[in-house]
Amino acid sequence: GGMGRGLAILYATFFAAFSVYQPRVMDQTPAFGFMVLVTAAGLFLAVRHEAVFLACAAILGGFATPVLLATGTNARDALFAYVLVLIAGVLGVAYARTWLVLERLAFLGTFILFARWYGRYFSEGQLEPTLAWLAVFYLAFLAMPFGYHLRTATAVPVGGVVFALANAIVAFGFAWDMLKAHHASALGFVAL
């Protein structure tokens with residue numbers, strides 16, 4: 001409870017320093033850096049204190065950070081690299097704890113940010129790098145539900161299989177939308 005409120009206050013403080021006051025108290029880069037540190041600290045404290053709610057708050061804050069600090073420019077690679085770091089953080093926490101809710105939140109956060117970027121900035125000239133990022137996210141979320149069970153040699157629950165299927169459907173849906181107009185023949189390869 002108290003640590004979660006503390007995280008929320010820190011996120012709000014750095015957001016306000018960047019966005020609310022004119023002239024700005026803090027530029028985007030330091031505000032972003034401090035919010036990343038808050039997310040990392042939240043995940044560390046969550047694992048240390050076995051506090052799944054705190055981990056969820058940190059992940060939600062982590063995925064909200066690029067939205068809160070958006071400047072209206074196309075920063076695809078920076079945004080997606082940041083998302084990949086968040087996914088790696090979730091994988092690290094998943095290695096220490098079996099909090100499936102974090103995997104689901106990371107999945108939703110990733111594809112909400114992807115869809116938000118896609119709707120605003122995607123163009124045919126960005127096809128290859130966008131498909132590459134989509135493949136990276138797909139592979140990360142394919143590994144996520146199976147990694148713990150492979151490491152511990154335990155059976156994968158039905159929820160993990162459903163999660164992997166949802167991942168495939170979402171990734172293929174984006175790939176289909178990107179390729180349908182000019183590269184429909186590549187969809188068979190993507191499906192494989």
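1. In this predicted model, the contact between α2 and α4 is made by F32, V36, T39, L43 and V47 on the α2 side, which meet Y82, L86, G89, V93 and A96 on the α4 side. Helix α4 covers residues 76-96, and its axis lies 10 Å from that of α2, with the two helices packing at an angle of about 10 degrees. Because angles under 35 degrees count as roughly parallel, α2 and α4 are described as roughly parallel to each other. By class, the residues of this contact divide into eight nonpolar and two polar, with no charged residue.

2. A second helix pair to examine is α3 with α5, whose axes come within 10 Å and cross at roughly 10 degrees, which makes α3 roughly parallel to α5. From α3, the residues V52, A55, C56, I59, L60, F63, P66 and V67 take part, and they meet V101, L102, L105, A106, G109, T110, L113 and R116 of α5. The contact of α3 with α5 has 13 nonpolar residues, two polar residues and one charged residue.

3. Between α2 (28-49) and α3 (52-68) there is a loop, and E50 is placed in it. The backbone of E50 deserves a look, since E50 has a positive phi of about 50 degrees although it is not a glycine. Most residues other than glycine have a negative phi. As for its surroundings, E50 has a relative accessible area of 58% and is therefore exposed.

4. L68 is found in helix α3, where it counts as partly exposed because its relative accessibility is 33%. Once its neighbours within four places in sequence are left aside, L68 is in contact with F15, F18 and M35. For F18 the separation can be stated in two ways, as 50 residues in sequence and as 9.1 Å in space from C-alpha to C-alpha.

5. The aromatic residues merit a separate point, as the structure holds 21 aromatic pairs. In one of these, F114 and Y118 have ring centres 6.2 Å apart and planes at 15 degrees, so the pair is stacked. F114 and Y118 are four residues apart in helix α5 (residues 100-121), so about one helical turn separates them. F114 counts as buried because its relative accessibility is 0%, and Y118, at 12% relative accessibility, counts as buried too, because the cut-off for that class is under 20%.

6. The stacked pair of F114 and Y118 belongs to one aromatic cluster that is formed by F80, F107, F111, F114, W117, Y118, F122, W133, F137, F141, F163 and F174. One member of that cluster, F163, also has a charged partner, for the charged end of R104 sits over the ring of F163 at 4.5 Å from its centre.

7. Which residues does T130 contact, leaving aside its neighbours within four places in sequence? They are R76, F114, W117, F122 and M178, and of these F114, W117 and F122 are also listed in the aromatic cluster. T130 is placed in helix α6 (residues 127-152), and T130 is buried because its relative accessible area is 0%.

Conventions:
Residues numbered from 1 in each chain as written. Predicted model: local features only at pLDDT ≥ 70, side-chain atom pairs only at ≥ 80, totals over all residues. Heavy atoms only, no water. Buried < 20%, exposed > 50% of the residue type's maximum accessible area, 1.4 Å probe, protein only. Phe/Tyr/Trp six-rings, centres within 6.5 Å; stacked < 30°, edge-to-face > 60°. Lys NZ or Arg CZ within 6 Å of the ring centre and 35° of its normal. Axes fitted to C-alpha atoms, helices over the stretch in contact; angles between N-to-C directions. Parallel < 35°, antiparallel > 145°, perpendicular 65-115°, else oblique. Contact = heavy atoms within 4.5 Å. Nonpolar A, V, L, I, M, F, W, Y, C, P; charged D, E, K, R; others polar.
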